[in-house]
Amino acid sequence: MKHSSLLAAGLLAGAGAVAGMGAAAVLKLDRRASALLIRGVFAAAGKVPVKKVLPHIPRFTVTGHHGLRYLGSSSKPSLDLFLPEEPARKPLPVVMWIHGGAWISGSKEDVAPYLRVLAGFGYAVLGVGYSISPKAVYPTAVQELNAALGWMREHADRYGLDPNRIVLAGDSAGAQLAAQLALVITNPEYAKDTGVVPAAGSGQLRGILLNCGVFDLDAVARMAGPVGWGLRKALWSYTGSKDWAGTAAAEHMCIPKHVDRRFPPTYISGGNGDNLTRTQSLPLAERLQDLGVPVRRSFWPEDYKPALGHEYQFQLHRPEAMESLHRTVAFLEEVTGVAALPGMPPEKVIALREDRLEDIFRTDGRLAA
């Protein structure tokens, strides 16, 4: 199985189990039942495999501040802040990472090991929790993530952060949320239509990292197979409407419809064994480049072996994920203008042959710092 095989297999197994219990009808009528069925499958895809990762990364000295109440209440989502122990470099550029999980699952704890690695290169990294469905529906998550930006700016002096050097980031559905927040920040017309007052200015947003994302909801509506089925069930839950494709929420969420040349410099990546790459990430990369947005692409040929699945970038025990990490850090250096700390020893730098990579650094111009 080439395309997102584990994810697809999990969705098929879950659906089959429910149908076997005579509950298939429930899936057609109850968005909560559908969301709970597929939640565990999507959540598992976005977890960083800590035991496999640790032997393959250098030992960074990073301080973590956990459970920071950016929404002012212990009953609401919180954020974690990871800081390198290098006081001479303050204020630090900020990477705000939004976890995936098809808008219905996942947590900031799932990606925390990876965020610690990024922080070890000399950047402040926020892992932001947000309300997931079916408990919360659109646009709650976008509003909360915007509030996290506001919290960061208010607490910048306390933690030595640079609010004028922000990079948004996300994986899977978190990439869609990051892209939507970038639109709110850079496009006043879009922000007004969406009903979110941006907590940062366009001049403060230096770039965006998009990994294995879902961006084009029109394509999701046409997507065949279990992954398409699962995403449509998730969007029913997230939008609150079974006819999600016809809602204002779906129109707002469809990133290719709204991007223009004001969109920030973009790093975009996806595995060749993930069908979201062909239907979502590659088309968005082309769209942005056509608009004149500086784009860094990290894609592999379709016949690359072994096939790289959904969320491959978290599998740091694999050379391709390490390659993606280095290219991510290179992007952060370029858009923030702040060089990474020399934390990766030479023996850890695993370079893939150039003829096996597809336009990794193709761009229409040098990224602005």
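A residue is called buried here when its relative accessible area is under 20%, exposed when it is over 50%, and partly exposed in between (1.4 Å probe, protein chains only). By that yardstick Ala102, at 2% relative accessibility, counts as buried. The structure is a predicted model, in which local features need pLDDT of at least 70 and side-chain atom pairs count only at pLDDT 80 or more, while totals for chains, interfaces and linings use all residues. Residues are numbered from 1 along each chain as its sequence is written, and side-chain values use heavy atoms, with hydrogens and water left out.

The protein contains 14 helices and eight strands; these are DSSP runs numbered from the N terminus, with helices being H or I over at least four residues and strands E over at least two. Of its 369 residues, 59% are buried. The protein exposes about 14,300 Å², and carbon and sulfur atoms supply 53% of that area, as computed by the Shrake-Rupley method with a 1.4 Å probe, where for residues only the protein chains shown count as cover. With contact meaning heavy atoms within 4.5 Å, 78% of the contacts between residues at least 6 apart in sequence join residues at least 24 apart.

A convenient place to begin the tour is the sheet. Eight strands form an open, mixed sheet in the order β1-β2-β4-β3-β5-β6-β7-β8, where two strands are said to pair if DSSP finds at least two bridges between them. Strands β1 (62–68) and β8 (295–298) stand at the edges with a single partner strand each, so one side of each is left without a neighbour in the sheet. From one strand to the next, the twist averages 15 degrees; axes are lines fitted to C-alpha atoms, for helices over the stretch in contact, and angles run from 0 to 180 degrees between N-to-C directions.

Strand β5 deserves a closer look. Eight of its 11 residues are buried, which leaves β5 mostly covered. β5 pairs with β3 in the parallel sense over six bridges, and β5 (residues 161–171) also pairs with β6 (residues 205–211) in the parallel sense over six bridges. Ala169 of β5 is the bridge partner of Trp97, and Ala169 also stands opposite Leu209 in β6. Val167, in turn, stands opposite Gly207 in β6. Two helices cover this region. Helix α8 (residues 173–186) packs on the sheet, touching β3, β5 and β6, and its direction makes about 140 degrees with that of β5. Helix α6 (residues 140–154) lies across β1, β2 (79–84), β3 (92–98), β4 (124–128) and β5, and runs at about 155 degrees to β5.

Aromatic rings come next. A search of the whole structure finds nine aromatic pairs; rings of Phe, Tyr and Trp (its six-membered ring) pair if their centres lie within 6.5 Å, and planes under 30 degrees apart count as stacked, over 60 as edge-to-face and the rest as tilted. Tyr138 and Tyr238 form an edge-to-face pair, with 5.9 Å from centre to centre and 80 degrees between the planes. This pair links distant parts of the chain, as Tyr138 is in the loop between β4 and α6 and Tyr238 is in helix α11 (residues 225–239), 100 residues apart. Both Tyr138 and Tyr238 are buried. Trp151 and Tyr159 form a tilted pair at 5.9 Å centre to centre, with 35 degrees between the planes. Trp151 is buried, with a relative accessible area of 8%, and Tyr159 also counts as buried at 8%. Ring pairs further link Trp97, Tyr114 and Phe314 into a cluster.

Leu276, in helix α13 (residues 275–291), is buried with a relative accessible area of 4%. Leu276 and Cys212 are 64 residues apart in sequence, yet 6.7 Å apart in space, C-alpha to C-alpha. Not counting residues up to four places away in sequence, the contacts of Leu276 include Cys212, Met223, Leu231 and His310.

Some backbone details round off the picture. A cis peptide bond joins Ser133 and Pro134, with omega about 10 degrees, and Pro134 is in the loop between β4 and α6. The peptide bond from Lys305 to Pro306 is also cis, with omega near -5 degrees; Pro306 lies in the loop between β8 and α14 (319–336). Glu311, placed in the loop between β8 and α14, has a positive phi of about 65 degrees although it is not a glycine, and counts as buried at 2% relative accessibility. Ala102, found in the loop between β3 and α5 (108–120), has a positive phi of about 60 degrees, although it is not a glycine either.
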